[in-house]
Amino acid sequence: MQHDVDLLENGHVMFFDNRGNFGNYGYTRIIELDENLNRIIWSYDGSQEQRKFDNHFFGEQERLDNENTLIVSPYEGRIFEISPAKEIVWDYYTPLVKKIEGKDHTSAITHTKRIDKQYIKFGLE
């Protein structure tokens with residue numbers, strides 16, 4: 001279930017893999033692959049300290065100019081940014097929850113774009 005394939009400036013390919021990881025921290029992972037070497041160069045699959053990364057559908061990632069990676073995990077209603085060392089820079093969970101037939105359902109987030117604060121203007125002009 002790989003998708004959201006991006007060609008990176010370094011010539012590697014990065015993609016979202018929903019169900020290809022059978023590790024300790026969930027089934028989902030982000031993979032950076034060097035196609036010439038046919039080798040995974042970098043990956044993220046969560047950690048015990050950070051929590052599981054287990055997304056059942058959709059999802060996307062984007063390598064940012066600062067070399068961090070922005071990740072959207074729709075099933076969790078989560079957007080987060082991680083460093084190349086796999087440290088969470090910031091983490092957001094949607095507070096929107098709807099009760100359906102007595103069960104809580106988190107609103108899915110399917111797409112996001114990081115905007116540098118230099119481009120945000122506050123107030124009226």
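A residue is called buried when its relative accessible area is under 20%, exposed when that area is over 50%, and partly exposed in between. In this predicted model, Y92 has a relative accessibility of 37% and therefore counts as partly exposed. Y92 is found in strand β10, which covers residues 88-93, and together with V89 and W90 it forms a nonpolar patch on the surface, the accessible area of these residues coming to about 270 Å².

From the surface we can turn to the interior. In soluble globular proteins, nonpolar side chains tend to be buried together. Here the largest nonpolar core has 10 residues, namely L8, M14, F16, I30, W42, Y44, F53, I71, F80 and I82. Two or more residues of this core come from each of the strands β2 (13-17), β4 (39-44) and β9 (78-82). Another core, of five residues, lies apart from it and includes L64, L70, V72 and I79.

I82, a member of the largest core, also touches a residue of the surface patch: leaving aside its neighbours within four places in sequence, I82 is in contact with W42, Y44, N68, T69, I71, E87, I88 and V89, and V89 belongs to the patch that also holds W90 and Y92.

What, then, of S83, which is placed in the loop between β9 and β10? S83 has a relative accessible area of 11%, and because the limit for a buried residue is 20%, S83 counts as buried. When neighbours within four places in sequence are again left aside, the contacts of S83 are W42, N68 and V89, and each of these three residues also appears among the contacts of I82.

Technical notes. Residues are numbered from 1 along each chain as its sequence is written. This is a predicted model: local features need pLDDT of at least 70, side-chain atom pairs count only at pLDDT 80 or more; totals for chains, interfaces and linings use all residues. Side-chain values use heavy atoms; hydrogens and water are left out. Patches are made of residues with over 30% relative accessible area and no salt bridge: like charges are joined within 9 Å, nonpolar side chains (Val, Leu, Ile, Met, Phe, Trp, Tyr) within 5 Å. Accessible areas come from the Shrake-Rupley method with a 1.4 Å probe; for residues, only the protein chains shown count as cover. A salt bridge is a side-chain nitrogen of Lys or Arg within 4 Å of a carboxyl oxygen of Asp or Glu. Helices (H or I, at least four residues) and strands (E, at least two) are DSSP runs, numbered from the N terminus. Buried means under 20% relative accessible area, exposed over 50%, partly exposed in between (1.4 Å probe, protein chains only). A nonpolar core is a set of buried Ala, Val, Leu, Ile, Met, Phe, Trp, Tyr and Cys residues joined through side-chain atoms within 4.5 Å. Contact means heavy atoms within 4.5 Å.
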